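I opened this notebook to keep track of what I looked up in the model and in what order. The entries begin with the sheets and go on to the cores, the rings and the charged pairs.

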Amino acid sequence: TFNTTNKSWTINMFNANATRVQRTGNGSWNNSYQHAIANVQGKPYLFGINLSTNYWFLQELKSDGAMGPETDNGRWSYPYPSLATFNHGSKTFLFGQNTEGTKNMFIQEILPGGKMGKETFHQDWRFAYPSVDTYTQYR
């Protein structure tokens with residue numbers, strides 16, 4: 001969980017009944033981050049972006065529930081408050097949309113090891129979507 005007011009974060013472990021078993025990590029950052037969780041070949045990563053500075057990062061989430069090392073970071077030209085991740089085949093992608101100006105959106109691959117890959121799609125859009133989500137369609 002992330003508290004954008006006091007910039008704190010916690011990681012909790014849950015059992016199959018969705019009951020919290022234990023808190024496995026907690027801390028605070030100097031900034032507030034919009035975030036999404038990516039599952040890259042079975043490993044979870046946290047993607048965060050500061051909407052004031054446009055600084056982004058990828059950080060590993062360890063199997064014991066602890067926050068792992070930062071694996072990649074950078075700075076984009078625009079803030080992207082609308083974020084979602086999705087998997088297609090064996091690949092993982094991040095979707096983001098800037099909700100102001102040209103309302104541009106992008107899809108960018110997240111590579112194994114928690115590195116940001118190449119952008120695979122970019123387009124300006126007429127409408128802003130402040131909340132996005134993805135789903136998996138099975139045939």
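**Entry 1, second sheet.** I looked first at an open sheet of four strands, which has the order 8-9-10-11 with antiparallel pairing. Here strands are DSSP runs of E with at least two residues, numbered from the N terminus, and two strands pair if DSSP finds at least two bridges between them. Strand 8 (82–88) and strand 11 (115–123) are at the edges with a single partner strand each, so one side of each has no neighbour in the sheet. Direction ignored, neighbouring strands of this sheet are turned by 25 degrees against each other on average, the axes being lines fitted to C-alpha atoms, with angles that run from 0 to 180 degrees between N-to-C directions. Inside the sheet, strand 9 (residues 91–97) pairs with strand 10 in the antiparallel sense over six bridges, and I noted Gln97 opposite Met105 in strand 10.

**Entry 2, source of the values.** I am working from a predicted model, in which local features need pLDDT of at least 70 and side-chain atom pairs count only at pLDDT 80 or more, while totals for chains, interfaces and linings use all residues. Residues are numbered from 1 along each chain as its sequence is written, and side-chain values use heavy atoms, with hydrogens and water left out.

**Entry 3, first sheet and hairpin.** Another open sheet of four strands has the order 4-5-6-7, again with antiparallel pairing. Its edge strands are strand 4 and strand 7 (67–75), each of which pairs on one side only, and the twist averages 20 degrees from one strand to the next. Strand 4 pairs with strand 5 over seven bridges in the antiparallel sense, with Gln34 opposite Ile49 in strand 5. I then turned to strand 2 (residues 8–14) and strand 3 (residues 20–28), which pair in the antiparallel sense over seven bridges. The two form a hairpin with five residues between them, and Ala18 in the turn has a positive phi of about 65 degrees. Ile11 has Gly25 of strand 3 as its bridge partner.

**Entry 4, cores.** Which residues have the most contacts inside the largest nonpolar core? In this core of 15 residues they are Phe47, Trp76, Leu94 and Met116. Strand 4 (34–40), strand 5 (43–49), strand 6 (55–61) and strand 10 (105–111) are the elements that give two or more residues to it. Another core, of seven residues, lies apart from it and includes Leu46, Phe57, Leu61 and Met67. A nonpolar core is a set of buried Ala, Val, Leu, Ile, Met, Phe, Trp, Tyr and Cys residues joined through side-chain atoms within 4.5 Å; buried means under 20% relative accessible area, exposed over 50%, and partly exposed in between (1.4 Å probe, protein chains only). Leaving aside neighbours within four places in sequence, I found Phe47 in contact (heavy atoms within 4.5 Å) with residues including Gln34, Trp56, Trp76, Leu83, Leu94 and Met116.

**Entry 5, rings.** My search of the whole structure gave nine aromatic pairs, where rings of Phe, Tyr and Trp (its six-membered ring) pair if their centres lie within 6.5 Å. Ring pairs join Phe47, Trp56, Trp76, Tyr80 and Phe106 into a cluster.

**Entry 6, charges.** The count comes to one salt bridge, defined as a side-chain nitrogen of Lys or Arg within 4 Å of a carboxyl oxygen of Asp or Glu. Lys43 forms it with Glu60, the closest N and O atoms being 3.3 Å apart. Lys43 lies in strand 5 and Glu60 in strand 6, so the pair ties together parts 17 residues apart in sequence. Lys43 counts as partly exposed at 38% relative accessibility, whereas Glu60, at 11%, counts as buried.

Notes: Rings of Phe, Tyr and Trp (its six-membered ring) pair if their centres lie within 6.5 Å; planes under 30 degrees apart count as stacked, over 60 as edge-to-face and the rest as tilted.
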